[in-house]
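Trainee: I would like to go through this model step by step, beginning with surface charge and then turning to the aromatic rings.

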Amino acid sequence: MREMGTGDSASRLILWFCLGFLILGVGFVQCGVTYDRKALLINGQRRILFSGSIHYPRSTPDMWEDLIQKAKDGGIDVIETYVFWNLHEPSPGKYDFEGRNDLVRFVKTIHKAGLYAHLRIGPYVCAEWNFGGFPVWLKYVPGISFRTDNEPFKRAMKGFTERIVELMKSENLFESQGGPIILSQIENEYGRQGQLLGAEGHNYMTWAAKMAIATETGVPWVMCKEDDAPDPVINTCNGFYCDSFAPNKPYKPLIWTEAWSGWFTEFGGPMHHRPVQDLAFGVARFIQKGGSFVNYYMYHGGTNFGRTAGGPFVTTSYDYDAPIDEYGLIRQPKYGHLKELHRAIKMCEKALVSADPVVTSIGNKQQAHVYSAESGDCSAFLANYDTESAARVLFNNVHYNLPPWSISILPDCRNAVFNTAKVGVQTSQMEMLPTDTKNFQWESYLEDLSSLDDSSTFTTHGLLEQINVTRDTSDYLWYMTSVDIGDSESFLHGGELPTLIIQSTGHAVHIFVNGQLSGSAFGTRQNRRFTYQGKINLHSGTNRIALLSVAVGLPNVGGHFESWNTGILGPVALHGLSQGKMDLSWQKWTYQVGLKGEAMNLAFPTNTPSIGWMDASLTVQKPQPLTWHKTYFDAPEGNEPLALDMEGMGKGQIWVNGESIGRYWTAFATGDCSHCSYTGTYKPNKCQTGCGQPTQRWYHVPRAWLKPSQNLLVIFEELGGNPSTVSLVKRSVSGVCAEVSEYHPNIKNWQIESYGKGQTFHRPKVHLKCSPGQAIASIKFASFGTPLGTCGSYQQGECHAATSYAILERKCVGKARCAVTISNSNFGKDPCPNVLKRLTVEAVCAPETSVHIVQGDYNGRGIIISWVTPLNLAGSNVVTYWKAVDGDVKPKKKRGHASTSSYRFYDYTSGFLHHATIKGLEYDTKYIYEVGTDGSVRQFSFTSPPKVGPDVPYTFGIIGDLGQTLASNETLYHYLSNPKGQAVLFPGDLSYADDHPNHDQRKWDSWGRFVEPCAAYQTFIYAAGNHEIDFVPNIGEPHAFKPYIHRYHNAYKASKSISPLWYSIRRASAHIIVLSSYSAYGKYTPQYVWLEQELKKVNREETPWLIVMVHSPWYNSNNYHYMEGESMRAMFESWFVNSKVDLVLSGHVHSYERSERVSNIKYNITNGLSYPVKDPSAPIYITIGDGGNIEGIANSFTDPQPSYSAYREASFGHAVLEIYNRTHAYYTWHRNQDNEPVAADSIMLHNRYFFPVEELESGNTRA
């Protein structure tokens, strides 16, 4: 294709020659971009094209390349964008193409990715954008009337359109010049308004088309929703469905410029979701009818930064339920299912562009559209329009099953490779997670209503329209007047207060009487106009009434919306005075545009001195309206998208480093969120979520706007919200779900029922994939059979393969992605013959690296930070750490160096294991630490324990035999929901890797990731259990505890131990001894000698609470592992009694049990005293092997319950030990099935050394 400059008339003649021949139906010659009745032709080739709307100002330039590449990877050929007049020409003749407004850079980024562009110049855009994209100054051009046969408007529109076209030409960006732009649009959705205007509308529309053609771009122009579009402009369709659309001339192609992928949200309304099955169905219906160009509006919605949201009342988020979400992350299954749809349709492209469909009935509500080309290519679309029932149809002597409201695509008229209702891709679960950014330290500044600057006000009689006064330079306009009240008014003497009535044309108003907020009122998108009515408290004399009228975006759609009113136009009246009604509408009103804080540029970084900011804690005690809040924060490490959680605030605006995030409003959504089905015609109110919740809680903070530190966050709060509730969060994939049936069609693997033999049958697969840098940490649900529910709430159905969980765990846990074949043989046997089965899975995703901390010295001033990185991601062996500081104090960062190693086990090689010991910490101090490389730094925190002392309060969580099952997940997060825990006592059995073939070491990796949300922030004190032994000489692994010792370092040498399997630490008021049930402990063995000396060292005056952890229990009334700890008990129990040990914690038995204070130390071979007896010097023995394990619950207790057993229960759970002082501690056990961390078992413990009084049982103590 030859180059064409702006003055190349020869190329222009060629284009017109091509278009002329096409209109006359005389074939085509090879040109850049032309069209015929079948499709757009690019370089002479008809193309089926998929397009995606990505609006450049709704994201930041650093996001553009990634968004466009994701669109390309999703099967998109074209990127569509509007051009936003009010951004580019904010004042007449002054243009802005910088930053987010850099249209040229955006189009060049599209070109760089190898995609085409569709430039919708408009310049009316609608788009839920402020004023529909028109600059507000345009409204005040003398004699103007928007979007009609009006010379001032046409002159301005022509000037802007030509400016944009010339800009694109100057950069050679049209396809006729070698650029990516293959289509342009003039005007937008004008048809209905044009009809209402009659001849003036038609004349304007015709003029706009001719004006656009005259710019000679060398590419076709389109007009959407404009049936009268004159040649050669193509009229196109917008809507949820366009299968009934036809162009206005038979030689024009079917183009769908807006296939609505979802819907926008408005403050006070729910979020709208369009099921991808219905969206795919709509697209397939359009293509099967002969459509050749589909644009998804939106493919990435983005954010209405600043005050760009229109409506009014449109939210700052413009997520639109698009395939790529507001933050730039892929939304599954919408993205993946559409990608498969595009691939299936592209397989049909030759037939689609070469033939017309033959439509035949294959059922009552079923049709076949068949494209048979002369070349022999044949493609078919089999449609079931029934919204209730699936259909089994016969086509070409083959049976096909069609779900309700679905279309199957057969690229060769034989093999069904895709069905719109059968979603085989995963569903990604997104969560907003804490960033560990330190708590914001707020300062506040109050708008002072009594000190308005007279130079910025003016006074006139009557009420003025708001936008005429503000020219949209601010959302805010003050209307102020005064009322004189005489002493004789009855309400001053105990009578009823007067009522103020205000009628507003929108959008919100706050009423202040004598400087105090008296009330507020708000309109809605459906009813901008509203009336405020409320009692007001006046005093005798002059009273000041100030009304703050607030705009929430200017209208973007509607006939001559430029003439719509905003603000308070009255009447405004007082009722209930002695004179009756006092109409205030036409008295003197004083006006001020904007806020004092806006005039002072409080939202922008400045070097000016303090201007009256005060500690926000003073204002939080009594929340104040019209308050500015500011704080500084450091940018969190990593690359996850960030957002501000504004749930505790009211209404206002947000700025970061002077960039406007946008409006926020914690308006609670009303609507019906009870029903959603993909079948049947979609409308925005059909599938809604968020009812009863804030419409928008999280507000996108682009990372490109942040500096490494000292980022200024400013919030203006209108109503009195509490800034201490604001937090910075990150958006991340927390889990993935997938559900695929036995006979799921797809492009690579398919089956057709009743099809002839000899076909290679490739079974479908479930595919799971976490985000980059993540791996599958655990399987939350798995069922091959007939499971029920949806992602996040799956349940087993009547048919279930018992091996489901084990198969998924073995194939997926520890991997970034996995695929599991759906077949009976893969799950052992057919769980329900002659029943159509499906495999349903929910998996938890976590970072590939894992981090944990343990105490690094004897007394708590040291910590060992351990982390694992994959072999292909060695990372740094340096940990950076610092004390958390408040305010503007710059932290003093220090560095610690880790030892790094790796180990081999059978056929597995571990990642790099890093262990950094940090000493000299300050007691009871929060520290921040970071590990990783510059590209993947991860940040965590911990709080060092208080200084050792007898009355130091401290709380331990207690978890044992955790594993990584669904029950494990419930235990861990149940514990995390209890905010009391400061460190965790863990009496053994961690990952259960040895329960997998060849002691699958990947389970150690996945377990580390699984517990990281707790173990990276709280110190774990571990004992080794039997599942840590990993002694397997038959596969060449003769060294016991090899993986455990490599992965879990501790400070055993600080307690004079020679082995990490037995050691002790002191923490707060507790002395904790850890023993090994599976190391030699007989007389004179190293463990025996060490324990004997350690018990002598215990100083109860400093650490009154003596706690021992040993994995195998000594007192156990469960038939599982009964008496296994007996020999160790016989060896050491007398020592424990003599030393007055308070608690002994064990695991091993997969249930829960608490003993009385008993001992069995009087037994000898002749006296027959072999039964435990109560002993006030003995410890209480707690068996807490109920964390989740992998082997199930141990529910075989001996009957009757022995007297030494105080409480027992076969349930999963965790415990908490709250040490109050040297005499008392409160112990509680919490079962998982209790949604809240309530105590199922509890007891107030008395210290054996300082207060050896028998405990009183609390709650139910027998089971």
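Trainee: Which residues gather in a patch of positive charge on the surface?

Mentor: Bear in mind that this is a predicted model. Residues enter such a patch with over 30% relative accessible area and no salt bridge, like charges being joined within 9 Å. The positive patch on the surface is formed by K339, R343, K769 and R817.

Trainee: Is K339 buried, partly exposed or exposed, and what is its relative accessible area?

Mentor: K339 belongs to helix α9, which covers residues 334–346. Since partly exposed is the class between the cut-offs of 20% and 50%, K339 counts as partly exposed, its relative accessible area being 31%.

Trainee: How are the rings of Y476 and F716 arranged, stacked, tilted or edge-to-face?

Mentor: The count of aromatic pairs comes to 80. For Y476 and F716 the ring centres are 5.5 Å apart and the planes stand at 80°. Because planes over 60 degrees apart count as edge-to-face, the Y476 and F716 pair is edge-to-face.

Trainee: Which strands hold Y476 and F716, and how many residues apart in sequence are the parts that the pair ties together?

Mentor: Both Y476 and F716 are buried. Y476 lies in strand β23 (residues 476–485) and F716 in strand β39 (residues 711–717), so the parts tied together by this pair are separated in sequence by 240 residues.

Trainee: What is the angle between the planes of Y929 and F942?

Mentor: Y929 and F942 form a tilted aromatic pair, with a distance of 5.8 Å centre to centre. Y929 is in strand β53 and F942 in strand β54, 13 residues apart, and both residues are buried. The angle between their planes is 50°.

Notes
Residues numbered from 1 in each chain as written. Predicted model: local features only at pLDDT ≥ 70, side-chain atom pairs only at ≥ 80, totals over all residues. Heavy atoms only, no water. Patch = residues over 30% accessible without salt bridge, like charges linked within 9 Å, V, L, I, M, F, W, Y side chains within 5 Å. Areas by Shrake-Rupley, 256 points an atom, 1.4 Å probe, with all protein chains shown as cover. Salt bridge = Lys/Arg side-chain N within 4 Å of Asp/Glu carboxyl O. Lys, Arg positive; Asp, Glu negative; His and termini not counted. Charge placed at Lys NZ, Arg CZ, Asp CG, Glu CD. Helix = DSSP H or I, 4+ residues; strand = E, 2+ residues; numbered from the N terminus. Buried < 20%, exposed > 50% of the residue type's maximum accessible area, 1.4 Å probe, protein only. Phe/Tyr/Trp six-rings, centres within 6.5 Å; stacked < 30°, edge-to-face > 60°.
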